[in-house]
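Hi everyone, thanks for coming. Let me put the structure up on the screen so that we can walk through it together.

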Amino acid sequence: MSGRVQHLIHHPSGFLFRRRLPEPLARLMGRTHIKRSLRTRDRRLAVRRAREASARVERLRAEVEQAMSEGRLPSREELTEVLAAFFRDLLEVGERRRDRTRGMPYWEEFRHETADLGEDADPETIDARLATLPPLEPEDDPEGRVLMAETDLRHNRSEAVEKRLDLMLARAGLALPHDHPAYARLCRLALAVRVEAAKIDAARDHGDYGDGWPEAPTSVPPQAVPDPAGGARPTSPPPTATIRPAETIPYEIRTAQVCRSVSATKTPAAPLLSTAWAEFVAAKVSGGAWTDWKTERDAKRALALWCELMDEGFQHTDRITRRAALDFRALIQRLPALNGKSIYAGRTAKQAIALADEIRRQLDEGRRWVEVAGTRKPAEEAEELAQRLTLKTINKVLTFYTSFGTWAVKNERADWFADRSNPFHNLLHEKKKVRRARDRDTAPHAIPDEVLRLLFASPVWAGRAPGTDTVEGDDILRDHKFWVPLIGLFSGMRLSEICQLRLDDIRERQGIVCFAVENTAETSTKTESGERLVPIHEELLRLGVLDRVAEMARRGERRLFPEIVPRSSANGDYGATFSRWFSRYRYGLAQRPGEAGRRYAPLAKEAYVFHALRHSFITRARETPEMTDAQLDRLIGHKGQATRDIYTGTLSLPRLAEALNAVRFELDLSRLYLPGARRSLR
């Protein structure tokens, strides 16, 4: 006996449970493994929790397999209605997009104005006109959507429709295994339906609603739909679809009652919140409302808070009342801001609240030294540990619950809840209150000039000893550790945007050398407005950033910082690895023995993470008279509202570079200037 427990993984932060999901669960959940923290460092407790988690997985597999065995293969009529619902759902996604953008995006109209320049127009004139415009996404281009749909159909890319098709089948209560021949045929038909829907959607983008509100596609004849049931027919015909106005979208499939063995009049039992939540998340992802993997991750974290904070009796949806929702909000308001980190790592949400309450009690008593988890800390450090979640973060969690409740009511799931209404309605804190709290908390996020001087006088920029980063020496290595924080401070770019830079992303436009932030197969942006050109600050040019570009090109590298490797656990995010190094570097300096540690102690403040450099840039830029709000929005990748500046030319690259170079810090880096530094890519 080796003593090894199956599915149990030891990690420095505690024990983890990791297990490959059985096939039916993997298909339903859209993932091959499940991995979660057991929230303990005690091995005996971790073993018990791992076995309990494994037993829950087995019970869930048995329930899913039983449900699938009780069902039957769908008939041709039922799959025809599934394809019709698939078609309607695609059209309604387009309607929701037009509701958000109020029709065609304004920059598409402005882009069409370049037609008046003619074919013989100066290319630089056209580039100058277009350089200030947000890039057009394929999803924003009507013809682009049609082209993508036709390409997927031509290459039979079933993965393009599988998620939405599975959702339609689940809504109808139908079971059709992926390895069944009828499923592959159904996917091919769904690809054809997607082309038809894309063409109708493109016409609607141009204001053409000549087709009205079709309920079913015309591209799929009834005889082409597979008949997995082999001629067996439901006891009652599928209901006739009714045309519903756009306000009631998305459309629902009404065939669930004809494909179950139970009576149609029997009221189903209220599901577990976790089960209902999974359906909600799947609907948001397949419907296109959530396109970022981080949103899905944050939704799962929000659900985990409910499971940890609320008693077992409130884990079923029919026990969730308005009072329970308010109690949940009150509990998360008591969560420490560092929940899951620092001294709260490995603790449950309830344990974290209890510890934060105890720290606050001692601080309120006026103690200069506070007992924290078996150690004594000065009141200043304990004060940071006792900070609670900000109202903005609380609203971020609650938004998922209000959205869940709204989705359930709109999709005829109101009977899930005890009061048959959305218990999470109007649960968010008022925007004015959040804004006041945000403005009050903004200042600590920007790093003061005296701390910036301390940071850039530390060993990475002043000289470090061989084999170490935190001890002074003679080596100034102009590596990624040297450059990434400097670029962050003088550009306001996000960490992941800096770390993923390729050599091709350093470009010269209109005489201005820029960083290009784009959405490509190798790079990504946080938002659509994140795609932009950021002029390179004069200070970075003096420091020799273009010499770094030339050096990497001579080595045959493709990326500006090839030393940075993306973390697979963070979905390939390049910034995750560097963020961890930056925090360790700050803490490592402050933990040095003697005078050195005391000198660098200010760098250990929790708020001075790498993202604080972006806050510092934004704060200083707002104080710079030469910088307009629209220019700042363009530089940092925010969706600004000042469209007037596009037409007046203040967002041209030369004007952006002029405003950017006006942003200054009380920071002398002249000792690091590179003599004869390159000023151009040529």
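I'll talk about aromatic rings, then charges over rings, and then one pocket.

A quick word on the source: this is a predicted model, where local features need pLDDT of at least 70, side-chain atom pairs count only at pLDDT 80 or more, and totals for chains, interfaces and linings use all residues. Residues are numbered from 1 along each chain as its sequence is written, and side-chain values use heavy atoms, with hydrogens and water left out.

So, the rings. There are 26 aromatic pairs in the structure; rings of Phe, Tyr and Trp (its six-membered ring) pair if their centres lie within 6.5 Å, and planes under 30 degrees apart are stacked, over 60 edge-to-face, the rest tilted.

Let's take Trp306 and Phe328: their ring centres are 4.9 Å apart and the planes meet at 50°, so we call this pair tilted. Here distant parts of the chain are linked, since Trp306 belongs to helix α10 (residues 293–309) and Phe328 to helix α11 (residues 322–332), 22 residues apart. Helices here are DSSP runs (H or I, at least four residues) and strands are too (E, at least two), numbered from the N terminus. Are these two rings buried or exposed? Trp306 is buried, at a relative accessible area of 0%, and Phe328 is buried, also at 0%; buried means under 20%, with a 1.4 Å probe and protein chains only.

Now for Trp581 and Tyr585, a stacked pair with 5.0 Å centre to centre and 15° between the planes. Both sit in helix α22 (residues 575–590), and being 4 residues apart, they are separated by about one helical turn. Trp581 is buried at 15%, and Tyr585 is buried at 2%.

Ring pairs also build a cluster, whose members include Trp277, Trp306, Phe328, Tyr401 and Phe424.

On to charges. Arg319 lies over the face of Phe314, 5.8 Å from the ring centre, and the charged end of Arg586 sits over the ring of Tyr587, 5.0 Å from its centre. The criterion is NZ of Lys or CZ of Arg within 6 Å of the ring centre and within 35 degrees of the ring normal.

Finally, the pocket. Which element gives the largest share of the lining of the second largest pocket? That is α27, with 3 residues. A pocket is an open set of points on a 1 Å grid over the protein atoms alone, where a 1.4 Å probe fits, with protein on both sides within 12 Å along at least five of seven lines; lining residues have an atom within 4 Å of a point.

Conventions: Buried < 20%, exposed > 50% of the residue type's maximum accessible area, 1.4 Å probe, protein only.
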